[in-house]
Amino acid sequence: MAAPGENLRINGDRLWDSLMEMAKIGPGVAGGNNRQTLTDADAEGRALFQSWCEAAGMEMGLDTMGNMFARREGTDPEALPVYVGSHLDTQPTGGKYDGVLGVLGGLEIIRSLNDMNIKTKHPIVVTNWTNEEGTRFAPAMLSSGVFAGVHEQDWAYNREDAEGKSFGDELERIGWKGEEEVGARKMHAMFELHIEQGPILEAEGKDIGVVTHGQGLSWTQVTVTGKDSHTGSTPMPMRRNAGLGMARILELVDQIAWSHKPDAVGAAGHIDVYPNSRNVIPGKTVFTVDFRSPNLSVIEDMEKRLRVEGAKICEEMGLEVSFEKVGGFDPVEFDKDCVTAVRNAAERLGYSHRDLISGAGHDACWINQVAPAAMVMCPCVDGLSHNEAEEISKDWATAGADVLFHAVVETAGIVE
C-alpha cells in the first residue's frame with residue numbers, strides 16, 4: 001500500500017479534549033478514574049463513545065461479550081477491515097489514559113480522515129474491548145480472550161466479582177450485551193495505541209515505542225495455612241505464622257526474578273491476610289504471584305521454583321501451602337509487517353523511537369493469535385500507571401496517535 005504523506009496528522013487538540021471529556025465519567029477520588037467494567041459509569045462511557053462514533057458517520061456493532069465495533073466503510077466491500085482500539089474500563093484507582101488513549105486515538109483517526117475527505121480501500125473499525133483490566137472480573141483481557149478463542153464464553157459469563165455478581169448478569173444489567181456472535185469477525189490487521197506504563201521512553205527521551213513483543217505472564221495464587229493465635233500469649237517456638245511464611249515466599253519471588261535479569265520480573269500485588277487483626281497471628285494468607293518474561297522457558301522455570309522452594313519453606317515452618325495457577329499467557333511476538341508499519345510511520349513523521357517489549361498484557365496480545373497485530377506506545381510520566389496520578393502530555397498523545405494514524409491508514413490503503 002502507498003504510504004500516507006508526512007503532512008497527514010491528527011488533530012491533537014481534539015484528541016486531548018475527548019480524553020478530558022471521557023475522564024469526567026467515573027471520576028476517581030484523586031484526579032483519575034474509577035470506571036470499572038460493567039458498572040453504571042462504564043455504561044455511560046460507552047454511550048458517549050457511541051455518540052461520538054455515530055457523529056463521525058460510523059455504524060456501531062456489539063457482540064455478546066459487549067465488545068464495541070465502530071465501522072467506517074472502505075471502498076472495497078470484499079476487503080477485510082483494519083481494526084484499531086483498546087479499552088475504556090479502568091482500575092478502581094486508574095488514570096485517564098490507560099486504554100482510553102487507544103480507543104479515542106482510533107476515533108481521532110476516523111475524524112481526521114473525514115476532515116481530509118480521505119477514503120481507504122479497507123474498512124476501519126474502532127474497537128472498545130470489554131473488561132481488559134480484569135480488576136472486577138478476573139482474568140484481564142477477558143473479552144478479547146473470548147474473541148480469540150482462548151476462553152469459553154460461558155466460563156466468562158460465570159466470572160464473579162467480589163460481591164458475587166456475575167459478568168454475564170452485569171453485562172445484561174447495564175444494557176450492553178449485543179446479539180453478534182463473539183469472534184465471528186475477521187480482521188486484516190489490528191493496531192493498539194497505549195501508554196507505556198513503564199519508565200523507558202521518558203527516561204531515554206523517545207517519542208514512540210515500537211512494540212515488537214509482549215511479555216508472557218503467569219499468575220499463581222498461593223495459600224499458606226498455619227494457625228491463628230494470640231500475638232501476646234503464644235510463645236515463639238509454638239507459632240505457626242502464615243504471615244511469616246508468606247513473607248519468606250515473597251522474598252523467594254524477588255530472588256527468582258532477579259536470577260533471570262534483566263527482562264524477568266516478579267511480585268505479589270494481591271494479598272489477603274486472615275483474620276487480619278492487630279493482635280492475632282495470621283492463620284492464613286492468600287496472595288497472587290505475578291511472574292513475567294518475554295521467554296517462555298524462563299516463566300516455566302520461575303513457576304517451578306516457586307512451587308518447589310515455596311513448599312520447602314512452608315514445610316520447615318510447619319505450615320501448609322497450596323499453589324493454583326489462576327491466569328497467564330505465553331509471550332507474544334507481534335506481526336513483523338504490522339511492526340514495520342509502526343516503525344516506518346515514526347520515521348516518516350520524524351519522531352524519535354525505539355523497540356520495546358511490553359511489560360503489561362493488552363488486548364492486542366490475544367488478537368495477535370487470530371490476526372496480524374502490533375502496538376504503538378507513548379511515554380507516561382515516571383512510568384506510573386494503574387494509579388490516579390498517571391499522566392502524559394498532549395504532545396506525547398499526539399505523537400502516538402499520529403504514528404497510529406499512519407500505520408492504520410497505510411495498512412488500510414489510501415484510495416487516490
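Is His386 buried, partly exposed or exposed, and at what relative accessibility? In this predicted model, His386 counts as partly exposed because its relative accessibility is 40%, a value that falls between the 20% and 50% limits used for the buried and exposed classes. The residue sits in the loop between β16 (373-378) and α12 (394-412). Leaving out residues up to four places away in sequence, His386 touches Gln91, Thr93, Asp98, Glu133 and Gln197.

Two of these partners, Asp98 and Glu133, share an annotation with His386: the unreviewed UniProt entry lists Asp98, Glu133 and His386 under "binding site". The three positions span 289 residues in sequence, yet no two of their C-alpha atoms are more than 9.6 Å apart, so they gather at one spot.

Asp98 offers a second view of this spot. Its place is in the loop between β3 (82-86) and α3 (100-116). With a relative accessibility of 5%, Asp98 counts as buried, whereas His386 counts as partly exposed. When neighbours within four places in sequence are set aside, the contacts of Asp98 include the acidic residues Asp89, Glu133 and Glu390. Also in contact with Asp98 are the histidines His87, His194 and His386, together with Ile195, Gln197 and Ser385. Gln197 is likewise touched by His386.

It is worth stepping back to the overall fold. The protein contains 12 helices and 17 strands. For its 416 residues, a compact globule would have a radius of gyration near 22 Å, and the value of 23 Å found here agrees with that. Along the principal axes, the C-alpha trace spans about 80 × 45 × 35 Å. Of the 416 residues, 56% count as buried. Among contacts with a separation of 6 or more, 80% join residues 24 or more positions apart.

The surface can be described in similar terms. About 17300 Å² is exposed, with carbon and sulfur atoms supplying 48% of that area. The protein carries 37 positive and 64 negative charges, and the mean positions of the two sets are 4 Å apart.

One stretch of the chain carries a domain annotation. The unreviewed UniProt entry assigns "Peptidase M20 dimerisation" to residues 215-307. This span is 32% helix and 37% strand, and its end C-alpha atoms lie 21 Å apart.

The backbone within that stretch has some details that a careful modeller may like to inspect. Most peptide bonds are trans. The bond from Lys261 to Pro262, however, is cis, with omega near 10°, and Pro262 is found in the loop between α8 (242-259) and β10 (265-274). A cis bond also leads from Tyr274 to Pro275, here with omega near 5°. Pro275 has its place in the loop between β10 and β11 (280-281).

Phi angles add two further cases. Most residues other than glycine have a negative phi. Asn131 nevertheless has a positive phi, near 55°, and Asp382 has a positive phi near 60°. The settings of these two residues can be set side by side. Asn131 is found in the loop between β5 (124-128) and α4 (142-147), and at 1% relative accessibility it counts as buried. Asp382 is found in the loop between β16 and α12, the loop that also holds His386. At 64% relative accessibility, Asp382 counts as exposed.

Asn131 also appears among the contacts of Thr37. Not counting residues up to four places away in sequence, Thr37 touches Asp42, Asp89, Thr130, Asn131, Arg136 and Phe137. Asp89 is in contact with Asp98 too. Thr37 has its place in the loop between α1 (12-22) and α2 (40-55), and a relative accessibility of 2% means that Thr37 counts as buried.

The loop that follows α2 provides a contrast. Gly57 is found between α2 and β1 (59-62), and Gly57 is exposed, with a relative accessible area of 61%. Gly57 and Gly74 are 17 residues apart along the chain, and their C-alpha atoms are separated by 13 Å.

Notes. Residues numbered from 1 in each chain as written. Predicted model: local features only at pLDDT ≥ 70, side-chain atom pairs only at ≥ 80, totals over all residues. Heavy atoms only, no water. UniProt positions renumbered as here; feature names shortened; annotations may be inferred. Helix = DSSP H or I, 4+ residues; strand = E, 2+ residues; numbered from the N terminus. Rg over C-alpha atoms; globule rule 2.2 N^0.38 Å. Buried < 20%, exposed > 50% of the residue type's maximum accessible area, 1.4 Å probe, protein only. Contact = heavy atoms within 4.5 Å. Areas by Shrake-Rupley, 256 points an atom, 1.4 Å probe, with all protein chains shown as cover. Lys, Arg positive; Asp, Glu negative; His and termini not counted. Charge placed at Lys NZ, Arg CZ, Asp CG, Glu CD.
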